[in-house]
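Hi,

Here is the structure I said I would pass on. Have a look at it first, and then read my notes below.

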Amino acid sequence: MEMRLVLCLVTLLFSFVSTISANSEGDILYGFRTRLSDPNNVLQSWDPTLVNPCTWFHVTCDNNNLVIRLDLGNASLSGSLSRQLGQLQHLQYLELYNNKIYGKIPKELGNLKNLVSMDLYDNKLQGQIPKSLAKLKSLKFCKLGSDSSELHFFFLLILVYLMFVCRRLNKNKLTGSIPRELTKLSKLQVFDVSNNDLCGTIPIGGPFGDFPIKSFINNSKLGRLELPGRATYDFGC
């Protein structure tokens, strides 16, 4: 009898905590919504008076009503990213590509420890990518291609922590040299930095020996394959 009572209390407590968390996540998302211009009313269903945001369009929750996906690609949204998005501790997919989002990438996004995919390409972001993103150890897909930003190429350093694949970074305005730390990523399968403003030489170690040359084209300051003992990797930067 006592054991049943304990189990019942634990279940109720877990449900209560999940409800509070879901409400908090709704507040975070609605706060983000207030920063955006939404000409097509794709966020019309985002009603802050509801118990949780799980019934909102473009938001996906798990079985505990915790937000795990935010799908707002190709939504014609404009505005800036919210620092509070970094509090969505269960978020796995942040899809905001092909909009008109401007400003800097908040360093708080580095707190999204469960994030698997972050697609911010084809926006108007600017500034450096925060070093805090190096904490995203669950990240598999990172796409900043077709962006009109002026993001610093330090972003590539975070790939040291990736588990499987980092996808395209092409058609951006990334600058700097290709960090040699990336040659240690033995599981890296796709790497595309074409159409940027990179400099230096192309690594040949690790998985880079398998990447086609087209992955590096249209970088006016990026030289040929690195030759050990010759020019340094950041030559011309």
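Is C61 buried or exposed? Keep in mind that this is a predicted model. C61 has a relative accessible area of 18%, and the cut-off for buried is under 20%, so C61 counts as buried.

C61 is also half of a disulfide: its partner is C54, with an S to S distance of 2.2 Å. I searched the whole structure for others, and the total is one disulfide. The torsion about the S-S bond of C54 and C61 comes out at about -95°, so this disulfide is left-handed.

Now for the strands around there. β2 covers residues 59-61 and β3 covers 67-71. The two pair in the antiparallel sense, over three bridges, and C61 has V67 in β3 as its bridge partner. Together β2 and β3 make a hairpin with five residues between them, and N65 in the turn has a positive phi of about 60°. β3 also pairs with β5 (residues 93-95), this time in the parallel sense and again over three bridges. In that pairing, R69 stands opposite Y93 of β5.

Next, the packing. As a general point, nonpolar side chains in soluble globular proteins tend to be buried together. Here the largest nonpolar core has 30 residues, and L29 and L70 have the most contacts inside it. Three elements give two or more residues to this core: α1 (2-33), β2 and β3. α1 gives the most, with three residues. If you leave aside neighbours within four places in sequence, L70 is in contact with L29, F32, W46, H58, V59, L91, Y93, L94 and E95. Apart from this core lies another one, of nine residues, and L198, F211, F216 and L222 are among them.

Last, there is an open sheet of three strands, in the order β10-β11-β12, with parallel pairing. β10 (175-176) and β12 (221-225) stand at the edges with a single partner strand each, so one side of each is left without a neighbour in the sheet. β10 pairs with β11 (residues 197-202) in the parallel sense over two bridges, and T175 has D197 in β11 as its bridge partner.

If you open the model, I would begin with C61, since that residue brings together the disulfide to C54 and the bridge to V67 in β3.

Cheers

Definitions and conventions
Residues are numbered from 1 along each chain as its sequence is written. This is a predicted model: local features need pLDDT of at least 70, side-chain atom pairs count only at pLDDT 80 or more; totals for chains, interfaces and linings use all residues. Side-chain values use heavy atoms; hydrogens and water are left out. A nonpolar core is a set of buried Ala, Val, Leu, Ile, Met, Phe, Trp, Tyr and Cys residues joined through side-chain atoms within 4.5 Å. Buried means under 20% relative accessible area, exposed over 50%, partly exposed in between (1.4 Å probe, protein chains only). Helices (H or I, at least four residues) and strands (E, at least two) are DSSP runs, numbered from the N terminus. Contact means heavy atoms within 4.5 Å. A disulfide is a pair of cysteine sulfur atoms within 2.5 Å. Two strands pair if DSSP finds at least two bridges between them.
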